[in-house]
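Opening the notebook on a new chain today. I'll jot down what I look up as I go.

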Amino acid sequence: MSSYLAQEVQLAKRHEDILARRSALLQQMESHLGDKEAAKTWQMQEADAAHKRNVALLNDVEAAGRKLQSREHLLLPPDIVKLETLYWAKVEESIPQWEPFFLGRTQTPVGIRKIKPTKQNPSPRKGSVPR
C-alpha cells in the first residue's frame with residue numbers, strides 16, 4: 001500500500017509540474033499573441049502613413065505637371081520662336097553627320113574641331129610682370 005501511496009504522491013507532483021509548465025506556456029502564447037497584434041497594429045499604422053505620403057507626393061507631382069503645362073501654353077516672343085526653329089532645323093540637318101559618331105563607328109565628323117584642354121590658372125614665369 002505504501003508503494004501505491006508513493007506512486008500517488010509522485011504522480012500528484014508530476015501532475016502539478018505539468019500544470020505549472022502548461023500555465024507558463026499559456027502565458028508565453030498570450031504574450032506572443034499580444035506582441036504579434038501590436039506588431040500588426042504598428043505595421044498597419046506605418047502602411048497608412050506611407051499611403052498618405054504617397055498620395056501627397058502624387059498630388060504634388062500632378063500639381064507640378066499642371067503648372068508646367070500651363071506654362072507651356074504661354075506665348076514666347078517671336079524672336080525666340082524663330083531662333084528655336086532655326087536651332088532645331090540645324091540640329092536635324094547635322095544628325096546624318098553625327099549619327100556614325102554616336103553609334104561608335106567613327107571619330108568626330110570632319111570639320112568639327114576638337115577643343116584642346118587649356119590650363120585654367122597658368123603660373124606666371126619668373127621675372128615676368130603680371131598684367
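**Notebook: burial, helices, rings**

I started with burial: of the 131 residues in the protein chain, buried ones make up 1%. I am working from a predicted model here, so every number below is computed from that model.

Next I looked up the surface. The protein chain exposes about 13,600 Å², and 59% of that comes from carbon and sulfur atoms.

Then secondary structure. I find 2 helices and 0 strands in the protein chain. I spent the rest of the session on helix α2, which covers residues 78-102.

**Patch**

Which residues make the nonpolar surface patch of about 250 Å²? I get Leu76, Ile80 and Val81. Ile80 sits in helix α2. I checked how open Ile80 is: its relative accessible area is 43%, and since partly exposed runs from 20% to 50%, I log it as partly exposed.

**Rings**

How many aromatic pairs are there? Counting ring centres within 6.5 Å of each other, I get 4 aromatic pairs.

I noted Tyr87 with Trp88 as one of them: the ring centres are 5.0 Å apart and the planes stand at 75°, so I call the pair edge-to-face. The cut-off for that label is over 60 degrees between planes. Are these two residues buried or exposed? Neither extreme fits: Tyr87 has 48% relative accessibility and is partly exposed, and Trp88, at 47%, is partly exposed too.

I then went to Trp98 and Phe101. Their rings also form an edge-to-face pair, 5.4 Å centre to centre with 75° between the planes. Both residues lie in helix α2, and they are 3 residues apart, about one turn of the helix. I looked up accessibility here as well. Trp98 comes out at 21%, which makes it partly exposed because buried means under 20%. Phe101 has a relative accessible area of 30%, so I put it down as partly exposed.

I also wrote down that Trp98 and Phe101 join Phe102 in one aromatic cluster.

**Backbone**

Where does α2 bend? I find the bend at Pro96, and the angle is about 55°. Last lookup of the day: just after α2, Gly104 has a positive phi of about 80°.

**Recap for myself**

For α2 I have the bend at Pro96, the cluster of Trp98, Phe101 and Phe102, and the positive phi of Gly104 just after the helix. For the chain I keep the 1% buried figure on the front page.

How values were computed: Residues are numbered from 1 along each chain as its sequence is written. This is a predicted model: local features need pLDDT of at least 70, side-chain atom pairs count only at pLDDT 80 or more; totals for chains, interfaces and linings use all residues. Side-chain values use heavy atoms; hydrogens and water are left out. Helices (H or I, at least four residues) and strands (E, at least two) are DSSP runs, numbered from the N terminus. Buried means under 20% relative accessible area, exposed over 50%, partly exposed in between (1.4 Å probe, protein chains only). Accessible areas come from the Shrake-Rupley method with a 1.4 Å probe; for residues, only the protein chains shown count as cover. Patches are made of residues with over 30% relative accessible area and no salt bridge: like charges are joined within 9 Å, nonpolar side chains (Val, Leu, Ile, Met, Phe, Trp, Tyr) within 5 Å. A salt bridge is a side-chain nitrogen of Lys or Arg within 4 Å of a carboxyl oxygen of Asp or Glu. Rings of Phe, Tyr and Trp (its six-membered ring) pair if their centres lie within 6.5 Å; planes under 30 degrees apart count as stacked, over 60 as edge-to-face and the rest as tilted. The bend at a residue is the angle between axes fitted to the seven residues ending there and the seven starting there.
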